[in-house]
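This report introduces a protein structure to a reader who has not met it before. Please look through the sequence and the model, and then follow the sections below.

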Amino acid sequence: VVCHDAKDLCNADRATLFLLDETTDEVWSIVAEGIPPIRFSKTIGLVGATVLGPSLLNIPDCYADDRFNRDMDKKTGYKTNNILCVPILHNKTKKCIGAMQILNKTDGEPGKGETVRFDDDDIRIMMSFCKVVANSIVILLERKDDLNEKPMTLTKKEKPLSQLESKNEKEKETPNKLKVKGNQVMPDPNVQ
């Protein structure tokens, strides 16, 4: 959804969301349109330059830029003309946690029109968009860390899954005896 929205906002052909893996000093594509997920050193290519800066890069002719990594174009047969690469910064620490790369802005329908340069409006939109993306990434990473750190234990109020399943089976057998609390809607006994 994030990549689809990014390319739509800029009228571009493709978008890729990269995250920084600090344990390996690599960037990896959480989503890459048109190619399988990729992983490479944070010192390589325009994404690497964006993450290391961190700096926004608007490259109108990527083949004229020595930092452009041509390997992916060679492997896929895709021709990258221009790139907008925006760093994703942690909203509180301002530390770079990834980058959004948008490829081949067009003046018509993405992939069919003539390639044109990313403009100031694209930059402003993507900088704001990446702030929202950063917030979502941070929340997801915090939740992941919380899940990894907390052992699975049952409190006195929680029931084991086996007890919940048997309770649900009993409710299915006698749906008319269910009690409705507050503004909940009672299930239709005819729908299973």
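## Terms and overall make-up

Helices and strands are here DSSP runs, numbered from the N terminus, where a helix is a run of H or I of at least four residues and a strand is a run of E of at least two. Leu17, for example, lies in strand β1. The model is predicted, so that local features need pLDDT of at least 70 and side-chain atom pairs count only at pLDDT 80 or more, while totals for chains, interfaces and linings use all residues. Residues are numbered from 1 along each chain as its sequence is written, and side-chain values use heavy atoms, with hydrogens and water left out.

The protein chain has 5 helices and 6 strands, which follow one another along the sequence in the pattern α-β-β-β-α-β-α-β-β-α-α. Of its 192 residues, 33% count as buried, a term that means under 20% relative accessible area, with exposed meaning over 50% and partly exposed lying in between (1.4 Å probe, protein chains only). The accessible surface of the protein chain comes to about 12900 Å², and 53% of this surface belongs to carbon and sulfur atoms; such areas come from the Shrake-Rupley method with a 1.4 Å probe, and for residues only the protein chains shown count as cover. Among the contacts (heavy atoms within 4.5 Å) in the protein chain with a separation of 6 or more, 49% are between residues 24 or more positions apart.

## The paired strands

Two strands are said to pair if DSSP finds at least two bridges between them. Strand β6 (residues 96–105) is joined to β5 by 7 bridges, and these two strands run antiparallel; β6 is also joined to β1 by 7 bridges, again in the antiparallel sense. Strand β5, which spans residues 83–89, pairs in addition with β4 (residues 57–59) in the antiparallel sense, over 3 bridges.

Individual bridge partners can be picked out in these pairings. Leu84 has Ile102 as its bridge partner in β6, and Val86 stands opposite Met100 in β6. On the pairing with β4, Leu57 stands opposite Cys85 in β5, while the bridge partner of Ala12 in β6 is Lys105. The hairpin of β5 and β6 has 6 residues between the strands, and in this hairpin Lys94 takes a positive phi near 65°.

Both strands of this hairpin are mostly covered, since β5 has 6 of its 7 residues buried and β6 has 10 of its 10 residues buried. In β1, Leu17 is buried because its relative accessible area is 6%. The C-alpha atoms of Leu17 and Met100 are separated by 4.7 Å, although the two residues are 83 residues apart along the chain.

## The nonpolar cores

A nonpolar core is a set of buried Ala, Val, Leu, Ile, Met, Phe, Trp, Tyr and Cys residues joined through side-chain atoms within 4.5 Å. The largest one holds 22 residues, of which Leu84, Ile88, Met100, Ile102 and Met126 touch the most other members. The elements that give two or more residues to this core are α1 (2–10), β1 (12–21), β5, β6 and α4 (120–149), and α4 gives the most, with 8 residues.

Leaving aside residues up to four places away in sequence, Met126 touches Ala6, Cys10, Leu84, Val86, Met100 and Ile102. A second, separate core of 20 residues includes Phe18, Val47, Ile59 and Leu103.

## Two covered helices and the cysteines

In α1, Cys3, Ala6, Lys7 and Cys10 are buried. These residues cover an arc of only 90° around the axis, and therefore they lie on the same side of α1; the arc is that of the directions from the helix axis to the C-beta atoms. Just after α1, Asn11 takes a positive phi of about 55°. Helix α2 (residues 45–52) is largely enclosed by the rest of the structure, because 7 of its 8 residues are buried, namely Gly45, Leu46, Val47, Gly48, Ala49, Thr50 and Val51.

The structure holds 0 disulfides, a disulfide being a pair of cysteine sulfur atoms within 2.5 Å. Cys10 is in no disulfide, and the nearest cysteine sulfur, that of Cys130, is 9.1 Å away. Cys10 is buried, with a relative accessible area of 0%, and Cys62 is likewise buried, with a relative accessible area of 0%.
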